[in-house]
Amino acid sequence: MAVVITVAQQKGGAGKTMLAANIAAALAATRRVAVLDIDPQHSLRRWHHIRDARPVAPPAIAFFDVSGWRLTAELARLRSQFDVVVIDSPPQLDTDARLGIRGADLVLIPLQPSPPDLWAALGTVKLAGAERRPVKLILNRTPAASKLRSAVEAAVAAEGLALMAATLGNRAAFANAFAVGLGVTEASPKSLAAAEMRAIIAEITGETA
Ligand SMILES: Nc1ncnc2c1ncn2[C@@H]1O[C@H](COP(=O)(O)OP(=O)(O)O)[C@@H](O)[C@H]1O
Ligand SMILES: [Mg+2]
């Protein structure tokens, strides 16, 4: 039975698709991984197309983009066939996003250290709470230390929530890897971005990636 990780956050541009792609790519070397793209913008599908067309095939990631009324049954099918299913969801709290959250073992919510990202994240946290799903908040594009970061950390704590210890910096390596259909752990394994992504994986899985 697979572990289903749903990346959700109603704010666009928060890093959902980047995170979904990188988690899938980091785990694909050692696990049977599927990605399920329920965002109608389908940027994860484009990433996967580019990955499939690479001259030297990277570790396989199966791609699915079922949404709507078929989503729940499809997810049950994927659970039985893969070790990990990563769902990339749309930038709104619509029915598909709700079903993606409902089907998750873990809801990952990326947020940049700014008030609008936090406000949007809290809406997603509330939905996950209504569905009784565990959530983890990940600071993305964050400077090592800043007033904004501290303010967001305090606001998250005031909501009784915790940020993941691992965070992601604002690094070109993320965009560069995405553009060629890879994750940072594949495209630039020695980069800071890859080290950050491995820390995220370790915190999610409880293992060293
Ligand atoms: N940590 C990061 N460092 C650099 N660029 C990033 C980072 N996270 C996201 N981006 C870039 O920001 C843009 C929006 O990210 P994306 O994953 O598409 O957000 P979402 O799916 O939440 O709308 C993309 O161009 C992506 O490459
Ligand atoms: Mg996206």
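## Strand β5 and its partners

Let's start with a pair of residues: V7 stands opposite L108, a residue of strand β5. This pairing belongs to a predicted model, which is worth keeping in mind as you look around. Strands β1 and β5 run parallel to each other, and three bridges join them.

Which strand does β5 also pair with, over five bridges? That is β6, again in the parallel sense. Two residue pairs help you find this pairing on screen: I109 has L137 of β6 as its bridge partner, and L111 stands opposite L139, also in β6. To get from β5 to β6, the chain passes through helix α5, and this β-α-β crossover is right-handed.

Are the residues of these strands mostly covered or mostly open? Strand β5 is mostly covered, with five of its six residues buried. Strand β6 is mostly covered too, since four of its five residues are buried. As you trace a strand, here is a handy general rule: in a regular strand, side chains alternate between the two faces of the sheet.

## The nonpolar core

Now look at the inside of the model. The largest nonpolar core has 62 residues, and those that touch the most other members are A20, A24, V33, L36, V85, V86 and I109. Helix α1 supplies the largest share of this core, with ten residues. You have met I109 already, as the bridge partner of L137.

V85 is a good residue to click on. Setting aside neighbours within four places in sequence, V85 is in contact with A2, V4, A34, L36, L75, L78 and R79.

## Helix α4 and its surroundings

Helix α4 covers residues 95–102, and its buried residues are A97, L99, G100 and I101. What do these buried residues pack against? Their packing partners include three strands, β1 (3–7), β4 (84–88) and β5 (106–111). Helices α3 (71–81) and α5 (115–130) are packing partners as well.

## Around ligand 1

Which residues come nearest to ligand 1? Of the 17 residues around this ligand, the nearest are G15, K16, T17, M18 and A175. Two elements give two or more residues to the shell, namely α1 (16–28) and α7 (172–179).

The shell has a mixed chemical character: seven residues are nonpolar, seven are polar and three are charged.

## Two residues with positive phi

Two loop residues deserve a closer look at their backbone angles. H42 is not a glycine, yet its phi is positive, near 55°. You can find H42 in the loop between β2 (33–37) and α2 (43–52). R141 is likewise not a glycine, and its phi is positive at about 50°. Its place is the loop between β6 (135–139) and α6 (147–158).

Is each of these residues buried or partly exposed? H42 counts as partly exposed because it has 15 C-beta neighbours inside 10 Å. R141 counts as buried because it has 20 C-beta neighbours inside 10 Å, and the cut-off for a buried residue is 20 or more.

Note on methods: Residues numbered from 1 in each chain as written. Chains lettered and ligands numbered in written order. Predicted model: local features only at pLDDT ≥ 70, side-chain atom pairs only at ≥ 80, totals over all residues. Buried ≥ 20, exposed ≤ 12 C-beta atoms within 10 Å, placed from the backbone. Contact = placed C-beta atoms within 7 Å. Pairing = 2+ DSSP bridges. Right-handed = clockwise from strand over helix to strand, strands pointing away. Near = placed C-beta within 6 Å. Nonpolar A, V, L, I, M, F, W, Y, C, P; charged D, E, K, R; others polar. Core = buried A, V, L, I, M, F, W, Y, C linked by C-beta atoms within 7 Å.
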